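Q: Please take a close look at the salt bridges of this model, with attention to where the participating side chains sit. A connected account in formal terms would be appreciated.

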Amino acid sequence: EKPGRLYVGLSNAGRSAKFTLQAVAASLLQSGNLESIGDSKSRDGYSTLLMYFNNLRELGGAIVQVLDDVPDSILLYAKLRNEEAKKVLDYKELTSTRTQAEIVDILSDLSKSCDSKEKVDVVLATNMVSVGVDVPRLGLMQVNGQPKTRSEYIQSTSRVGRSEFPGLVIVSHNILRARDRSHFETFATWHRRLYRDVEATSV
């Protein structure tokens, strides 16, 4: 009756966390750009990638990758798949360092469809995206590292798949972190009980 969300868990076993981040982002951005998906309305929800980070330090390190490594990987994947490469990467940061006016402008830009010249390709966000961000067209999300709490995970990933576009959430786990490894190993079971043990909110 209503589109939901598909959660996909990835492990970086044998690769670094940085490589996994840029490889996944590049593949998703290139795939969401393909006209073979259908008309612009059909692919609109997957033309903007929402990237979630647990802290500002990790987000700051990812900016360089989005500007340098991701475009290089897009060219590589497009060549391997015999596709036309996605050219421009316009990114925005949605963090607590932004002013209220800047946040309003970013949310306005996120509402623009994939046909718009001012559309946003990538959004780098921290946990502030979990509350107050309601952009119906968003359907694609990459979570880099397991969020600290179950409630934060639910709130953040609920930003996609809120309208006619089913949400696709790719969760990249750093296998060198015990907590991430545990979540990856119990990924399917944990998600079947996602709402069972949500932490109580503080007063």
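A: A salt bridge is counted here when a side-chain nitrogen of Lys or Arg lies within 4 Å of a carboxyl oxygen of Asp or Glu. The model under discussion is a predicted one. By this criterion, a search of the whole structure yields 9 salt bridges. The pair E83 and R81 is one of them, with an N to O distance of 4.0 Å.

The surroundings of this pair can be described through accessibility, where under 20% relative accessible area means buried, over 50% means exposed, and values in between mean partly exposed. E83 has a relative accessible area of 25% and is therefore partly exposed. R81, at 34% relative accessibility, is likewise classed as partly exposed. N82 reaches 72% relative accessibility and so counts as exposed. N82 lies in the loop between α3 and β3. The backbone of N82 also deserves mention: its phi is near 60°, a positive value in a residue other than glycine.

A second salt bridge joins D121 to K86, the closest N and O atoms being 3.0 Å apart. D121 belongs to the loop between α4 (100-110) and β4 (122-125), and K86 to the loop between α3 (56-81) and β3 (91-94), so this pair ties together parts that are 35 residues apart in sequence. Both D121 and K86 are buried.

A third salt bridge is formed by the side chains of D109 and K92, at 3.6 Å from N to O. This pair, too, links distant parts of the chain, since D109 is in helix α4 and K92 in strand β3, 17 residues apart. The two partners fall into separate accessibility classes: D109, with a relative accessible area of 16%, is buried, whereas K92, at 24%, is partly exposed. D109 and K92 also belong to a network of salt bridges that includes K112 and E118.

The charged side chains can also be considered for the protein as a whole. There are 27 positive and 25 negative side chains, and the centres of the two sets lie 5 Å apart. The accessible surface comes to about 10,800 Å², with 53% of that area belonging to carbon and sulfur atoms.

The fold provides the setting for these pairs. The protein contains 7 helices and 6 strands, which follow one another along the sequence as β-α-α-β-α-β-α-β-β-α-β-α-α. The radius of gyration is 16 Å, close to the 17 Å that the globule rule gives for 203 residues, so the protein is as compact as a globular protein of that length. Along its principal axes, the C-alpha trace spans about 45 × 40 × 40 Å. Of the 203 residues, 47% count as buried. Among contacts with a separation of 6 or more, 80% are between residues 24 or more positions apart.

Helix α5 (residues 150-157) adds a view of the packing, being mostly covered, with 6 of its 8 residues buried. The buried residues of this helix are R150, E152, Y153, I154, S156 and T157. They pack against β1 (5-11), β2 (49-53), β5 (140-144), β6 (167-173) and α7 (187-192).

Technical notes. Residues numbered from 1 in each chain as written. Predicted model: local features only at pLDDT ≥ 70, side-chain atom pairs only at ≥ 80, totals over all residues. Heavy atoms only, no water. Helix = DSSP H or I, 4+ residues; strand = E, 2+ residues; numbered from the N terminus. Rg over C-alpha atoms; globule rule 2.2 N^0.38 Å. Buried < 20%, exposed > 50% of the residue type's maximum accessible area, 1.4 Å probe, protein only. Contact = heavy atoms within 4.5 Å. Areas by Shrake-Rupley, 256 points an atom, 1.4 Å probe, with all protein chains shown as cover. Lys, Arg positive; Asp, Glu negative; His and termini not counted. Charge placed at Lys NZ, Arg CZ, Asp CG, Glu CD.
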